[in-house]
Amino acid sequence: MFILGSGSPRRKELLAQIGVVPDDIRAPDIDEDPRPGELPRPYCRRIAREKVLAVVADEADVVLCADTTVALGRRILGKPANAEEAAGFLRALSGRRHRVITAVAVRQGARIWEKDVVSTVRMKSISDEERAAYLATDDWRGKAGGYGIQGPAGVLVPWISGSFTGIVGLPLAETANLLRAAGQPVMRALA
């Protein structure tokens, strides 16, 4: 059985692009607060690992979990609690480059395969009107850094370096390799 340990509809849609459909979805409930002084990349890897370990599964089941973190320097920009916090994130990101880190963990029994992917994103200088218009879409809800590149915020991002699907929330090339390592068929429905 293949279990997606995420409630993210984006991750489910991305997996479908490579012919992987979860038999079950079991989003783990863990504490995702950063530890004092924790840097973004180690934080992201830790959260993905803790998520995959928290999913209840049989020995033969393959479980996939991921975490996406937006990092502005050493600062972790998580999912904003409200529009005011989302606006603050967008003000901080405006006209600057930042990193988007997605860590993926795949588990079968006691074995864990892990990979993290770091991409760089440049956000254009965002006017007050553009920020207000974006916030009014509610697209920022539930998204690290307060934006989703695959939606209306795409107009705010003129340049990326790295994995587009990693920025969305699941780097497909790396995820496919992890799943294959765990014996999970990939691209089977596409052949």
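Start by selecting the cysteines of this predicted model, and ask how many disulfides a search of the whole structure finds. The search finds zero. A disulfide is a covalent bond between the sulfur atoms of two cysteines. With C44 selected, look for the closest cysteine sulfur, which belongs to C65 and is 12 Å from the sulfur of C44, too far for a bond. Going the other way, from C65, the closest cysteine sulfur is in C44, again at 12 Å and too far for a bond. Because a disulfide calls for two cysteine sulfur atoms within 2.5 Å, a separation of 12 Å rules out a bond between C44 and C65. As for their surroundings, C44 counts as buried at 0% relative accessibility, and C65 is buried as well, with a relative accessible area of 0%.

Next, select E38, which you will find in the loop between strand 2 (24-25) and helix 2 (40-54). Is E38 buried or exposed? With a relative accessible area of 16%, E38 is buried. Now show the side chain of R46, which is joined to the side chain of E38 by a polar contact of 2.7 Å. If neighbours within four places in sequence are left aside, the residues in contact with E38 are Y43, R46 and I76.

Move on to helix 6, residues 172-181, and colour L172, T175, A176, L178 and L179, which are buried. Why do these residues lie on the same side of helix 6? They do so because they cover an arc of only 165° around the axis. To see what they pack against, show strand 1 (2-4), helix 1 (9-17), strand 3 (62-72), strand 5 (97-108), strand 6 (111-122) and helix 5 (164-168). Following helix 6, stop at G183, whose phi is positive, near 85°.

Stay with L179 from helix 6 and display its contacts, which, leaving aside neighbours within four places in sequence, are F2, L15, V20, V62, L64, V106, Q184 and V186.

In soluble globular proteins, nonpolar side chains tend to be buried together. Here the largest nonpolar core has 43 residues, and those that touch the most other members are L15, L64, V106, M123, Y147, L170 and L179. Which helix gives the most to this core? Select helix 3 (residues 83-93), which gives the most, with six residues. Finally, look for another core, which lies apart from the largest one and has 11 residues, among them C44, A48, V52 and V55.

Conventions: Residues numbered from 1 in each chain as written. Predicted model: local features only at pLDDT ≥ 70, side-chain atom pairs only at ≥ 80, totals over all residues. Heavy atoms only, no water. Buried < 20%, exposed > 50% of the residue type's maximum accessible area, 1.4 Å probe, protein only. Helix = DSSP H or I, 4+ residues; strand = E, 2+ residues; numbered from the N terminus. Arc of directions from axis to C-beta. Contact = heavy atoms within 4.5 Å. Polar contact = N/O pair within 3.5 Å; in protein donor to acceptor, adjacent residues only side chain to side chain. Core = buried A, V, L, I, M, F, W, Y, C linked by side-chain atoms within 4.5 Å.
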